[in-house]
Amino acid sequence: MANAGLQLLGFILAFLGWIGAIVSVALPQWKIYSYAGDNIVTAQAMYEGLWMSCVSQSTGQIQCKVFDSLLNLPSTLQATRALMVIGILLGLIAIFVATVGMKCMKCLEDDEMQKMRMAVFGGGIFLVAGLAILVATAWYGNRIVQEFYDPMTPVNSRYEFGQALFTGWAAASLCILGGALLCCSCPRKNTSYPTPRPYPKPAPSSGKDYV
């Protein structure tokens with residue numbers, strides 16, 4: 001029963017991480033304008049995501065521009081897009097695979113060993129998906145830090161971490177944790193030893209000695 005609860009907890013955490021990855025990709029606040037320096041403009045807020053850049057006015061009006069050219073984008077942004085999409089697709093596959101191997105499901109009830117392997121396999125896919133999301137967000141965040149501390153970058157063109165980036169880090173952590181719990185939910189095999197055979201009892205002596 002405890003093993004089934006651990007398995008269910010891992011699946012829920014990994015599923016929430018997958019949802020968080022989708023939300024992170026959809027949000028445009030991957031990096032937000034840094035209000036550092038002497039010329040601080042608080043009338044508008046600028047932020048960029050994986051697919052568009054936006055400007056929010058103090059009046060509440062928001063204007064966004066979708067990135068038109070794919071080949072004209074920085075290599076970091078292209079790689080981040082690819083890794084996030086790969087992570088989401090792997091998470092989708094892991095959901096179907098892990099669902100089949102869940103103890104609370106009726107699938108593969110006749111083959112307990114195969115059902116257990118499906119759950120572990122789904123957890124492994126969740127781990128890979130979480131690592132892909134983690135690499136994507138860490139790579140993008142490292143690029144923001146490099147540009148922020150680059151002396152050649154103008155003060156009014158520096159950006160900081162946005163909410164979507166933190167959401168991506170949380171999603172990656174949940175996917176990795178959930179996948180690890182799914183992999184650890186596999187019960188250990190009990191080592192079975194063969195039953196010792198009783199030795200035959202010696203026949204009682206008849207009291208006669210044969211020469």
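Select Met 52 in strand β3 and look across to β4, where its bridge partner is Val 66. (Strands are DSSP runs of E with at least two residues, helices runs of H or I with at least four, numbered from the N terminus.) This is a predicted model, in which local features need pLDDT of at least 70, side-chain atom pairs count only at pLDDT 80 or more, and totals for chains, interfaces and linings use all residues. Residues are numbered from 1 along each chain as its sequence is written, and side-chain values use heavy atoms, with hydrogens and water left out.

Next, select residues 62-66, which are β4; five bridges join this strand to β3, and the two run antiparallel. Strands count as paired if DSSP finds at least two bridges between them. Four residues separate β3 and β4 in a hairpin, and Gly 60 in the turn has a positive phi of about 100 degrees.

Now add β2 (residues 44-48), joined to β3 (residues 52-57) by five bridges, again antiparallel. Gln 44 has Gln 57 in β3 as its bridge partner. This hairpin has three residues between its strands.

Move to Ala 136, in helix α3. Ala 136 has a relative accessible area of 0%, so it is buried (under 20%; exposed is over 50%, partly exposed in between, with a 1.4 Å probe and protein chains only). Its C-alpha atom is separated by 7.3 Å from that of Ala 79, 57 residues apart along the chain. Leaving out residues up to four places away in sequence, Ala 136 touches Thr 80, Leu 83 and Met 84; contact means heavy atoms within 4.5 Å.

Finish at Met 84, whose contacts, with the same sequence neighbours not counted, include Trp 30, Leu 50 and Ile 133.
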